[in-house]
Amino acid sequence: MASKVIVTGGLGFIGSHTVVELQQKGYKVIIADNLSNSTLEVLDRIARITEQKPEMEVVDLSDRAACLAFFKAHADADAVIHFAASKAVGESVQKPMLYYRNNLDSLLYTIEGMQQGSCRKLVYSSSCTVYGQPKQLPVTEQTPRLEAECPYGNTKKISEDILTDLTKGELPADGKPFRILALRYFNPIGAHPSALIGELPNGVPGNLMPFITQTAAGIRPCLQVFGNDYATPDGTPIRDYIYVCDLAQAHVAAMEYLEKEQAVGIDFFNLGTGRGYSVLEVIESFERSTGQKLNYKITGRRPGDIEQIWADTSKAERLLGWKANTGIDQMTLSAWKWQQSLERAK
């Protein structure tokens with residue numbers, strides 16, 4: 001019998017790609033999403049890719065009563081993958097309370113919902129932002145977590161602490177301990193090869209790649225590059241950009257690991273490629289892979305941004321048997337094909 005997995009935020013960017021990978025591996029998926037940064041159309045697009053429509057409920061997990069009712073209705077779930085969260089660095093600086101309430105309440109109520117039943121396996125969507133601006137690169141899972149540069153990053157750091165404390169506390173009434181994997185993502189970009197799903201932020205994008213594609217499509221007049229005075233080779237910030245489908249496959253590997261390994265408690269994994277690209281290098285890749293020239297200008301630094309970061313991914317390779325293997329040009333081209341599909345659909 002197929003494992004039943006609840007995917008919170010399953011219609012979002014990373015969530016939708018993970019649902020596709022899970023279904024293609026035979027998992028039964030139930031999505032919980034409040035549609036704050038996604039649309040119901042994604043559900044049909046997932047079904048077109050996998051030829052199977054996942055079960056889905058519109059629910060706000062930061063509403064305790066609604067969250068607990070949802071988990072009660074799905075008490076037979078085997079595991080939870082928790083994506084549901086607000087995720088824009090810049091917006092979190094402007095609206096910190098929105099981020100603390102949404103990201104922390106949704107996690108707390110999800111845990112409470114799991115404790116109602118017997119589901120104890122959790123894959124948590126964390127972030128490399130917990131490292132702040134690290135003193136040494138690349139970062140390993142043992143790299144000290146520094147003071148977060150933005151409220152978004154702080155919610156991820158606090159959430160990791162909550163989950164760690166949860167595994168140290170007294171057992172629920174049924175005596176079953178939690179088994180948790182916290183996956184620290186670096187910077188996901190790109191779109192599914194079908195161009196049926198991809199990153200589709202509401203309003204002004206908070207991430208680089210959709211801003212690039214929307215600028216190339218003429219939706220945005222100009223791409224802003226936030227700062228060129230960082231201590232990097234070309235002065236622009238460096239990030240470890242990972243293909244969203246590679247990242248989605250890591251969640252399947254995490255599920256298989258939880259099913260295979262019986263160790264209890266919490267463990268942490270970096271999910272990246274192991275190398276960094278500057279903002280200007282990503283722009284150059286996009287222009288090279290698509291043949292599109294981008295209109296961009298250098299502006300001042302953006303509050304909350306760090307200078308540079310990239311991952312040591314050897315732990316995920318060793319224990320999860322997972323490795324990202326998609327190059328930057330393939331990532332940027334897939335994002336452009338997704339944007340073109342959106343333009344054709346208008």
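Let me start in the middle of the sheet, where strand β5, residues 121-127, runs parallel to strand β6, residues 179-185, and is joined to it by seven bridges. This is a predicted model, and that should be kept in mind for everything that follows. Within that pairing, V123 stands opposite L181 in β6, and S126 stands opposite R184 in β6. On the side of β4, the strands β4 and β5 also run parallel, here joined by four bridges, and I81 stands opposite V123 of β5.

If we step back to the whole sheet, seven strands make up an open arrangement in the order β3-β2-β1-β4-β5-β6-β11, with parallel pairing. The edges are taken by β3, residues 55-58, and β11, residues 265-271, each of which pairs on one side only. From one strand to the next, the twist averages 20°.

How many of the residues of β5 are buried? Seven of its seven residues are, so that the strand is mostly covered, by the cut-off of under 20% relative accessible area. The cover extends to both faces, since K121, V123, S125 and S127 on one side, and L122, Y124 and S126 on the other, are all buried.

That brings me to a residue that touches this strand, namely K156, which lies in helix α6, residues 151-168. Is K156 buried or exposed? Its relative accessible area is 3%, and K156 is therefore buried. Leaving aside neighbours within four places in sequence, K156 is in contact with A85, Y124, S125, S126, S127, T129 and V130. With one of these, Y124, there is a polar contact of 3.5 Å between the side chains. By contrast with those contacts, K156 and S118 are 38 residues apart in sequence, and their C-alpha atoms are 25 Å apart in space.

Now to the helices, beginning with α3 and α5. The helix α3 and helix α5, residues 96-116, pack at an angle of about 35°, with their axes 8 Å apart, and α3 passes α5 in a right-handed crossing. On the α3 side the contact is made by R64, C67, L68, F71 and K72, and on the α5 side by Y109, T110, E112, G113, M114 and Q116.

Let me turn to the nonpolar interior. The largest nonpolar core has 63 residues, and those with the most contacts inside it are L22, I212 and W322. Its largest share, ten residues, comes from helix α8, residues 244-260. W322, not counting residues up to four places away in sequence, touches I242, D246, Q249, A250, A253, N270, L271, G272, A316 and E317. Apart from this core lies another, of 24 residues, including A32, V80, Y109 and C119.

I will finish with a loop residue, T232, which is found between β8, residues 223-226, and β9, residues 238-239. Why does T232 count as buried? Its relative accessibility is 10%, and the cut-off for buried is under 20%, so T232 falls on the buried side. A polar atom of the T232 side chain lies 3.0 Å from the backbone nitrogen of G235. Beyond residues up to four places away in sequence, T232 touches I238, E307 and Q308.

Terms used: Residues numbered from 1 in each chain as written. Predicted model: local features only at pLDDT ≥ 70, side-chain atom pairs only at ≥ 80, totals over all residues. Heavy atoms only, no water. Pairing = 2+ DSSP bridges. Helix = DSSP H or I, 4+ residues; strand = E, 2+ residues; numbered from the N terminus. Axes fitted to C-alpha atoms, helices over the stretch in contact; angles between N-to-C directions. Buried < 20%, exposed > 50% of the residue type's maximum accessible area, 1.4 Å probe, protein only. Contact = heavy atoms within 4.5 Å. Polar contact = N/O pair within 3.5 Å; in protein donor to acceptor, adjacent residues only side chain to side chain. Core = buried A, V, L, I, M, F, W, Y, C linked by side-chain atoms within 4.5 Å. Left-handed = near helix turned anticlockwise from the far one by under 90°.
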